[in-house]
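Let's take a walk through this complex, one chain at a time. Keep the viewer open and click along as we go.

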Amino acid sequence: MDEDRDLVIVGGGPAGMAAAIEARRAGVPRVTLLDESTTLGGQIFRRLPAEFRVEVPSAMGVDYQKGQRLIDATRSIQAELLPDHVVWGAWEGRTKEIAAHGAGGSRVFSAPHVIVATGAYDRPVPFPGWTLPGVITAGGAQAMIKVQKVLPGKRIVMVGSGPLLLAFAVQLHQLGANLVGVFEAAPRVSLRGAVGLLGAAIRGNASTLRSGIAYLAYLRRNGIPVSYGYAIARAEGVEEVERAVVRRVDREWEPVAGSERVIEADTICVGYGFTPSTELLRVVGCEMRYSLQRGGPAPVRNGDLETTVPGTFAVGDCAGVQGSEIALLEGKIAGTVVAGRLGRLDRRTSRERLEALNRPLRTAQLFRAAIDKVFQIRPGIFNWATDGTILCRCEEVTFGDVKKQLEGQADANAVKALTRVGMGMCQGRNCSQHLAWVVRAAIGGPVGEGPLLTARLPVKPLPIGIIADRAAVLPRPPSGPSHQSHTVTGDDPPPVESK
Amino acid sequence: MFYVDGRATSAFLGESIAAALLANGVRVFRRTPRLRMARGLFCGMGVCYECVVAVEGRPSVRACMTRVEAEMRVTTQPTDEAAKE
Amino acid sequence: MIGAAGTGASQHSDSDPPQVHQVRDESGRSMMDAPDETDVLIIGGGIVGCASAYYLSKDNVECLLVERGEINRGGTAASAGSLHVQMWSGEMRREDAIASDFIAVKLEAARMWQLLEAELGSSLGVRYAGGLLVAESRADVDVAMQLVDYQKKRGLDVEFLGSRELHDMAADLAPHLLGAVFCPMDGSANPLLIGPAYVRHALRRGARVRTHTEVVAIEPRTGGGFVVTTSAGRIVANRVLNAAGPWAGQLAAMVGCHLPIEGEVLQVSATDCHDPMLGQLVTNVAGGLTLKQTSRGNFLIGGAWPGKRDMSRDNSVDRASLVGNLGIAARIVPAIAEMSLIRSWTGVIAHVGNDGSRGLQVLQVLGELPNTPGYFIAAGRALIVLGPLFGRLISELITGRSPSAPIGIFDPSRFSAAGARA
């Protein structure tokens with residue numbers, strides 16, 4: 001079969017690329033890497049469109065160049081690289097099948113090993129007015145400004161939390177944005193937090209710490225106010241954003257009454273972390289564990305980064321948002337493990353390489369944990385929406401609509417059935433975590449632990465014409481007990497009456 | 001040059017439809033079917049399906065993931081009727 | 001909107017969902033507690049079980065419904081919601097006496113559906129724009145003509161539409177279609193709304209409902225009645241109603257009755273939403289397609305294509321079935337090729353084994369088990385359209401009234417071993 005492979009990697013960001021490089025380095029023969037975008041790089045190493053010329057590469061920043069080196073390396077290893085391919089289906093078994101469509105239709109790849117590196121996306125945060133044009137995620141703003149060279153608006157307010165917030169604010173301003181305010185939900189970095197960071201910094205991550213201070217200084221110099229302990233209250237406007245209303249929040253991110261400030265703005269850039277893209281993992285039955293700090297549900301993995309589905313690995317942000325350093329290391333680890341499983345590395349070499357990777361991984365994880373401790377997502381974020389706020393953007397269902405259906409229902413899927421939440425084009429990506437919280441809050445129990453909407457095929461919406469076989473006829477029913485009773489002579493098609 | 005709701009609109013070769021629309025001051029990409037809410041670019045990376053427009057009559061195309069091509073006809077009010085024009 | 005909670009945000013009546021009041025009972029009953037008691041224990045919370053609870057409680061019969069999962073999340077929820085009245089070609093091979101009765105039952109079921117939203121006071125997404133059984137070839141047309149003749153003779157209002165009339169009625173159908181059998185009584189409903197609507201009313205009239213309660217054993221008592229062991233304690237019941245859909249065979253085996261009803265995995269697909277373009281329920285003579293556009297605008301595509309049986313988890317969608325099912329849909333409504341598939345799911349429906357009849361057999365079972373008095377069954381295939389009627393008929397049977405439709409054709413004793421105890 002010409003679509004048989006030794007390894008299929010889904011996702012061409014840092015984790016996926018690192019896995020490909022490592023697997024090929026060890027001699028794994030048929031490696032295919034699939035990515036939805038036109039260029040490799042994922043989100044953090046997003047490339048400019050091919051037609052844009054990069055005149056001064058160094059002006060693009062350290063990340064961009066790092067990304068370019070990684071992409072160049074990936075292109076040199078003779079793996080089958082398939083950008084512009086959307087993975088829509090996966091089937092488990094001793095041999096796994098991955099269906100993806102791109103130019104030239106739909107293809108199904110078979111391999112004994114799959115590495116899922118689907119990354120993460122901006123955490124959707126419902127608040128009143130969040131659906132107005134002008135409310136944009138930090139990632140979306142970054143895509144527009146860094147990649148497309150277009151400012152998303154004329155007066156931009158940034159709301160969010162985390163180490164990326166200030167970095168991104170600086171970047172936005174440097175690229176010409178009119179930034180009128182930055183609102184960080186966390187309190188000013190506490191002394192204890194700073195010491196923790198300092199400790200981790202000593203292990204070789206000092207650059208991040210220095211940058212944080214530098215960013216603040218930059219913003220101050222340029223007259224951009226930074227407020228701590230403030231979060232978005234609502235977006236106001238008729239057809240588009242006209243005003244951003246922010247308010248103080250306490251340490252748990254619960255709103256503080258009477259603290260609202262109104263800011264004239266046409267764009268609200270929202271950055272409260274990321275959520276792992278786990279649909280593919282859930283469709284094949286990987287066991288998940290919920291972690292608010294890691295962004296949401298994440299697959300349970302063993303030391304080899306293998307999920308509970310044997311032969312299926314998860315690396316990078318899709319396994320819990322931990323940033324690109326960890327993504328790179330995890331990709332390398334999984335690539336090495338797969339090479340070992342395929343007999344391309346002897347046991348000793350494999351062990352040595354894995355040890356050599358696990359050491360920096362542990363260090364990076366420690367640093368990440370320190371960062372996460374200082375910049376925690378607090379559960380109050382789930383109380384920013386009111387009953388009138390849209391929960392399911394696609395199907396236009398409000399929180400109030402859902403709460404009415406919650407009497408006696410413990411099951412997000414039952415609520416979906418009754419309210420249509422999660423039945424739209426985004427397939428629950430914008431709403432399922434919040435839905436799980438709302439359901440859980442209604443019936444009690446640890447918040448955030450509620451079951452998510454069941455992930456189904458297709459993993460991404462699939463244009464039907466690509467796979468439909470217009471010459472199809474209903475196949476003869478299999479002989480045997482299953483269908484005998486529906487025919488007498490066996491010559492007729494089974495009942496059309498489907499359920 | 002491409003067409004947005006029939007209007008000739010300038011764009012850079014290779015940029016996304018979303019970027020071209022924003023650059024030309026268009027931020028409302030569609031209205032929702034039931035409540036007619038204005039929607040536009042949200043996630044910018046192909047996940048949220050808010051930025052969908054009709055391209056050459058085909059509805060539900062993500063503007064942030066699709067590159068502008070010369071003479072492309074884009075409709076920002078994509079009822080299927082409008083898309084067929 | 002009578003009875004439906006105003007949501008403020010919804011403007012279209014069929015998007016107002018019915019409220020579900022407490023479907024959770026106080027849990028925490030253990031095996032050690034004194035058994036609960038009921039007059040009629042209904043096993044299964046799909047459309048038939050929920051309808052039965054409604055009609056029984058309406059007839060002042062005390063009943064308790066137990067469901068091992070959540071109400072209306074089994075086979076009923078997975079269905080595409082087709083309300084077929086017109087026949088497919090194989091049905092012409094039913095024995096005559098059975099055929100007439102079956103048609104009468106179907107007609108009564110369809111009539112009930114037309115009044116159901118008013119009776120329950122809530123939207124069920126019912127649409128009655130008729131159904132088209134389309135012919136793609138001359139051979140199909142021949143069969144279609146036979147079907148028209150056959151059904152008209154037996155009191156079903158159908159007609160053959162030639163190509164022009166067909167395309168006048170539904171312009172989005174493919175140009176190559178040569179005609180269709182049109183039945184004005186065909187329609188569709190939203191199967192997700194039915195169970196909760198019935199249960200809401202049943203609870204108000206005193207019925208009880210326990211979810212997450214799985215029946216493990218059923219022991220007839222000397223002197224009458226049953227002791228039923230569940231995952232949440234024991235229940236003593238005068239009568240038991242097996243409304244467990246695909247699992248009805250397993251529940252019948254618990255009283256030593258062999259009823260060849262097992263599960264079969266089918267799959268259904270949903271597209272994204274589009275402006276209204278198709279009002280009718282569309283099926284095809286050659287088989288493999290049921291197609292409808294919901295009031296929300298999605299297309300639901302089904303047609304008896306098998307899903308993949310996967311015992312380790314929820315059954316999974318079969319790729320070959322998907323490709324074939326979508327293929328027929330796109331062939332018959334070309335615009336579908338431009339649409340996006342948003343989700344495909346599998347559901348388990350009842351497969352009914354051989355009942356020894358000549359000709360095409362009836363695929364539903366309704367009645368009292370002959371050797372197990374007090375044990376009733378209402379189960380089988382294609383029970384969305386028949387479900388409400390089955391609920392009513394069961395209540396009539398249990399309360400000793402003469403049934404309002406000819407139920408002899410559904411008698412469980414026709415399964416040769418059905419009457420025999422193990």
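Chain C has an average pLDDT of 87, with 89% of its residues scoring at least 70. Remember that this is a predicted model, so that kind of confidence check is a sensible place to begin. For the complex, the predictor reports an ipTM of 0.91 and a pTM of 0.87. Some stretches of chain C deserve caution, though. Over residues 1-32 of chain C the pLDDT stays under 50, and the model gives that stretch 76 contacts beyond four places in sequence. Residues 417-422 of chain C also stay under 50, and here the model has 17 contacts beyond four places in sequence.

Now for the overall makeup of chain C. You can count 9 helices and 18 strands in it, and of its 422 residues, 65% are buried. If you look at contacts in chain C with a separation of 6 or more, 71% of them are between residues 24 or more positions apart. On the outside, chain C exposes about 14400 Å², and carbon and sulfur atoms supply 51% of that area.

What sits inside? The largest nonpolar core holds 64 residues, and those with the most contacts within it are C:L132, C:L173, C:L291, C:I332 and C:I336. The top contributor to this core is helix α8 of chain C (residues 319-332), which gives 6 residues. A second core, separate from that one, has 53 residues, including C:A53, C:F102, C:M112 and C:A197. Back in the largest core, try selecting C:L291. Setting aside neighbours within four places in sequence, its contacts include C:L278, C:L281, C:V282, C:F299 and C:I301, as well as C:V333 and C:I336. C:Q280 is also one of the residues that C:L291 touches.

Just ahead of that helix there's a residue worth zooming in on. C:D318 lies in the loop between β15 (298-302) and α8 of chain C. Is C:D318 buried or exposed? Its relative accessibility is 17%, so it counts as buried, the cut-off being under 20%. A polar atom of the C:D318 side chain is 3.0 Å from the backbone nitrogen of C:A320. Further off in sequence, beyond four places, C:D318 is in contact with C:Q267, C:P306, C:G307 and C:K308.

Over in chain A, have a look at strand β16 (residues 267-271), where 5 of 5 residues are buried. Both of its faces are covered: A:T267, A:C269 and A:G271 are buried on one side, and A:I268 and A:V270 on the other. Strand β9 of chain A (residues 135-137) runs parallel to β16(A), joined by 3 bridges, with A:I136 opposite A:C269. Strand β10 of chain A (residues 156-160) is parallel to β16(A) too, through 5 bridges, and there A:G160 stands opposite A:G271.

Let's finish with some backbone oddities. Most residues other than glycine have a negative phi, and most peptide bonds are trans. Against that background, A:L457 and A:P458 are joined by a cis peptide bond, with omega about -10°; A:P458 is in the loop between α11 (432-443) and β23 (462-463) of chain A. Chain B offers B:D5, not a glycine but with a positive phi of about 50°, in the loop between β1 (2-4) and β2 (7-9). B:E71 isn't a glycine either, and its phi is positive at about 70°; find it in the loop between β6 (58-62) and β7 (73-75) of chain B. With a relative accessible area of 47%, B:E71 is partly exposed, and B:D5, at 33% relative accessibility, also counts as partly exposed.

Definitions and conventions: Residues are numbered from 1 along each chain as its sequence is written. Chains are lettered from A and ligands numbered from 1 in the order in which they are written. This is a predicted model: local features need pLDDT of at least 70, side-chain atom pairs count only at pLDDT 80 or more; totals for chains, interfaces and linings use all residues. Side-chain values use heavy atoms; hydrogens and water are left out. A nonpolar core is a set of buried Ala, Val, Leu, Ile, Met, Phe, Trp, Tyr and Cys residues joined through side-chain atoms within 4.5 Å. Buried means under 20% relative accessible area, exposed over 50%, partly exposed in between (1.4 Å probe, protein chains only). Helices (H or I, at least four residues) and strands (E, at least two) are DSSP runs, numbered from the N terminus. Contact means heavy atoms within 4.5 Å. A polar contact is a pair of N or O atoms within 3.5 Å; within protein, one must be able to donate a hydrogen and the other to accept it, and residues adjacent in sequence count only if both atoms are side-chain atoms. pLDDT is the predictor's confidence in each residue, from 0 to 100. Two strands pair if DSSP finds at least two bridges between them. Accessible areas come from the Shrake-Rupley method with a 1.4 Å probe; for residues, only the protein chains shown count as cover.
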